[in-house]
Amino acid sequence: MANPMSARGLHWASINEISFVAGMRLLFWICRVFGRWPFRVVLYPVLAWYVATKPLPRRASRDYLQRVSARSGTRLPGVLHHFAAFGESILDKMLLWGGLFKLDQVELHGGELITEAVAAGKGGLLICAHLGNLELCRVLSRQRSDLKLTVLVHTKHAQAFNDMLGRLNPESQLNLMQVTEMTPATAMLLSERVARGELVVIAGDRVPVSHNPRVAVAEFLGAPAAFPVGPYVLASVLRCPVFLLFSIRNGDKSEVHFERFRDEVRVPRQGRDAALAELAADYARRLEHYTLRAPLQWFNYYDFWHLPELEPSDAPR
């Protein structure tokens, strides 16, 4: 008999959360020719089909929205609106790389922290989340010759979408580094980049693609959840300033927030697990802060509050 928890506890990489973007090029054309409202008129039937045929992401979204409602004391729109926000963010990414997004509608908060680090030649590690539209930072970095980003990604299911962005603008691919597993060679390469004053970006809200992912359990939206410790282990290797990066849409404006997290991360041999758990808990608190500000913009459509179980086909190769 199949374990009923195995479906609930699937690893995020086992769920093709962006399979409905197959028709996004058509929707992008509709938006470009007719505007955003006609785009939404066409988008909702596509989303309704996706939500109806994808029970795991649907249940995960409903569970997440219920947790946010309980935490905030406010009633949120339903699952369809949650997926609609994801569709809107995909459109924004396409508009960004297609040169059609109004960058004057982007508000930067804490940008001086990054400017100072780059000016000092220190570089740094940026820990981000699947909240809002992080493509904004990559596009903004193109406007400054002194700001270089390397974004660590796992693109197993997102490859088609990344290819589509690449067709809109080849530069969209230039600073991505696909990393399934952090090897000593990769760490050395990243250390060299940081030493040159560059920034490395890594997500802090998705556990590694591994049968035995290294995680720390931290409180998030009222319940314990697994967070990766990889960003903090990497930070301890790089010995550089660590910043947090959050992006949310607020009406017609987009906000990009930078926060100082640690001047440097040192993980002691004694009490290593406790130190990593403290770092993950601090990150989880800041993620919760911004998630409650824009709850429909957190895009993790899997059961975040259960430890992941990888299917054999998702094992690193």
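**Exercise 1. Work out how helix H3 is built and which of its residues are buried.**

Step 1: H3 covers residues 36–53, so count from 1 along the chain's sequence as written. This is a predicted model, and local features need pLDDT of at least 70. Helices here are DSSP runs of H or I, at least four residues, and strands are E runs of at least two, both numbered from the N terminus.

Step 2: Check the span. The 18 residues of H3 reach 26 Å from first C-alpha to last, close to the expected 26 Å, which is 1.5 Å times one less than the number of residues.

Step 3: Look for a bend, the angle between axes fitted to the seven residues ending at a position and the seven starting there. There's a kink of about 25° at leucine 43, shortly before proline 45.

Step 4: Pick out the buried residues (under 20% relative accessible area, 1.4 Å probe, protein chains only). They are Arg36, Phe39, Leu43, Leu47, Tyr50 and Val51. As a reminder, an α-helix has 3.6 residues a turn, so residues three or four places apart point the same way.

**Exercise 2. Lay out the seven-stranded sheet.**

Step 1: Two strands pair if DSSP finds at least two bridges between them. The sheet is open, with mixed pairing and the order S1-S9-S8-S2-S5-S3-S4.

Step 2: Go to the edges: S1 (106–109) and S4 (176–178) each pair on one side only.

Step 3: Zoom in on S3 (149–153) and S5 (199–203), parallel strands joined by three bridges. Valine 151 sits opposite valine 201 in S5.

Note on methods: Predicted model: local features only at pLDDT ≥ 70, side-chain atom pairs only at ≥ 80, totals over all residues. Heavy atoms only, no water. Buried < 20%, exposed > 50% of the residue type's maximum accessible area, 1.4 Å probe, protein only.
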